[in-house]
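Thanks, everyone. I will keep this short and go through strands first, then salt bridges. Please have the sequence and the structure on screen.

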Amino acid sequence: MAFEPPQRLVRALGESAPDGDDWVERLPETAEQAVALRELTVERVQVPGGRSSLVVLVRRPDGTPAVLKLAPARARPESERAALAHWDGRGAVQLLEPLVTEGVLLLERLHPDVSVRSLPEAKALLEAAGALRRLWVEPPGDHVFETVAERTGRQAAVMRGASAEVAGLVSAALDARESLLAAPPEERLLHGTFRQSKVLSGVRSPWLAVGPDPVVGECAFDLARLVRDRVEDLIASPSGAATTRRRIKRLAESLEVDQERLRGWTLFRAVESGVRALRVGRPKDAELLLEFAGWL
């Protein structure tokens, strides 16, 4: 079959690498080779799919359903592989093969169209938080994962070049980061990009996490992205600011995370995402994120 990359993936990769590279152009050939090497039967490409990888629903030679995932180096697929191997199916999708092919992962098949986001909001937050808790384990002693300090340091450097109109929020976010990094309470392996859509229905477990961009640091950093889930609904609600404060309190208490540290990381991550959205030409997304950040 032809492996045409979904347009969502093409657009997102164009945003993250505006000068381009040839990964997308080579993708059909790479996918064909990965399928042939593993003697897989292709069912379909997952559409609209993600913003950083091609996901193909396949069957292994024995008929077992699986997922073939291909990602460019800048999406850090080898870091994802290492984290999934360390979790070994506990709270996350399972790796299915020892074969290591750069940028290619063969994964357990979950229900790709059924995420926690399909549940009512209160139930979705509860289930997502429960899934996230299972991932917070000690990192391997010899790990080479990026740390929260390193990742946010790169992000902070870019944020400092933001336009004057968001200077106040950027300054507050950078101050929060500096304070939070001064005395982190724990060091855990984190999902890194956790949100409701990253938790899919499974067979061996009701809900399992997918698509990590793993990082090592404190749990509040991981939980911060979940706070702003369904941000468009929060902004549209007259009680959005109050709902956000209640959500921070509820999530912090349920996962035993310091409430102020969660608020601080939520502020930093929302401003960073808003500034990035402005930079790549997504002003509507930026407006939502920066208004949300202003509530914090």
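Take Leu70 to begin with: Leu70 stands opposite Val104, a residue of strand β4. Before going on, keep in mind that this is a predicted model. The contact belongs to the pairing of β3 with β4, which covers residues 104-108. Those two strands run antiparallel and are joined over five bridges.

Now the other partner of β3. Strand β2, residues 54-59, also pairs with β3 in the antiparallel sense, here over six bridges. One residue pair to look at is Val56, which stands opposite Leu68 in β3. Together β2 and β3 make a hairpin, and five residues lie between the two strands. What is the sign of phi at Gly63 in the turn? Gly63 has a positive phi, about 90°.

How many of the six residues of β3 are buried? Five of them are, so strand β3, residues 65-70, is mostly covered, with buried taken as under 20% relative accessible area. As background, in a regular strand the side chains alternate between the two faces of the sheet.

Next, a separate topic: the open sheet of three strands, in the order β5-β7-β8, with antiparallel pairing. Its edge strands are β5, at 111-115, and β8, at 207-209, and each of these pairs on one side only. From one strand to the next the twist averages 55°. Between β5 and β7, which spans residues 199-201, there are two bridges, and the strands run antiparallel. His111 has Ser201 in β7 as its bridge partner.

That leaves the salt bridges. The structure holds 22 of them. I picked three that sit within helices.

The first is in helix α3, residues 77-87, where Arg81 and Glu78 lie three residues apart, about one turn of the helix. Their side chains meet in a salt bridge at 2.9 Å, N to O. Is Arg81 buried or exposed? Arg81 has 11% relative accessibility, so it counts as buried. Glu78, on the other hand, has a relative accessible area of 32% and is therefore partly exposed.

The second is in helix α4, residues 121-135. Glu127 and Lys123 both lie there, four residues apart, again about one turn of the helix. The N to O distance in their salt bridge is 2.9 Å. Glu127 is partly exposed, because its relative accessible area is 22%. Lys123 counts as partly exposed as well, at 39% relative accessibility.

The third pair is Arg276 and Glu272, whose side chains meet in a salt bridge of 2.9 Å, N to O. Why are these two separated by about one helical turn? Because Arg276 and Glu272 are four residues apart in helix α10, residues 259-279. Arg276 has a relative accessible area of 31%, so it is partly exposed. Glu272 has a relative accessible area of 10% and is therefore buried.

Beyond single pairs, there is a network: salt bridges that share partners join Arg76, Glu146, Arg151, Arg154 and Asp213 into one.

To recap: β3 pairs with β2 over six bridges and with β4 over five. Of the helix pairs, Arg81 is buried, and so is Glu272, whereas Glu78 and Arg276 are partly exposed. That is what I have for today.

Technical notes: Residues are numbered from 1 along each chain as its sequence is written. This is a predicted model: local features need pLDDT of at least 70, side-chain atom pairs count only at pLDDT 80 or more; totals for chains, interfaces and linings use all residues. Side-chain values use heavy atoms; hydrogens and water are left out. Buried means under 20% relative accessible area, exposed over 50%, partly exposed in between (1.4 Å probe, protein chains only). Two strands pair if DSSP finds at least two bridges between them. A salt bridge is a side-chain nitrogen of Lys or Arg within 4 Å of a carboxyl oxygen of Asp or Glu. Axes are lines fitted to C-alpha atoms, for helices over the stretch in contact, and angles run from 0 to 180 degrees between N-to-C directions.
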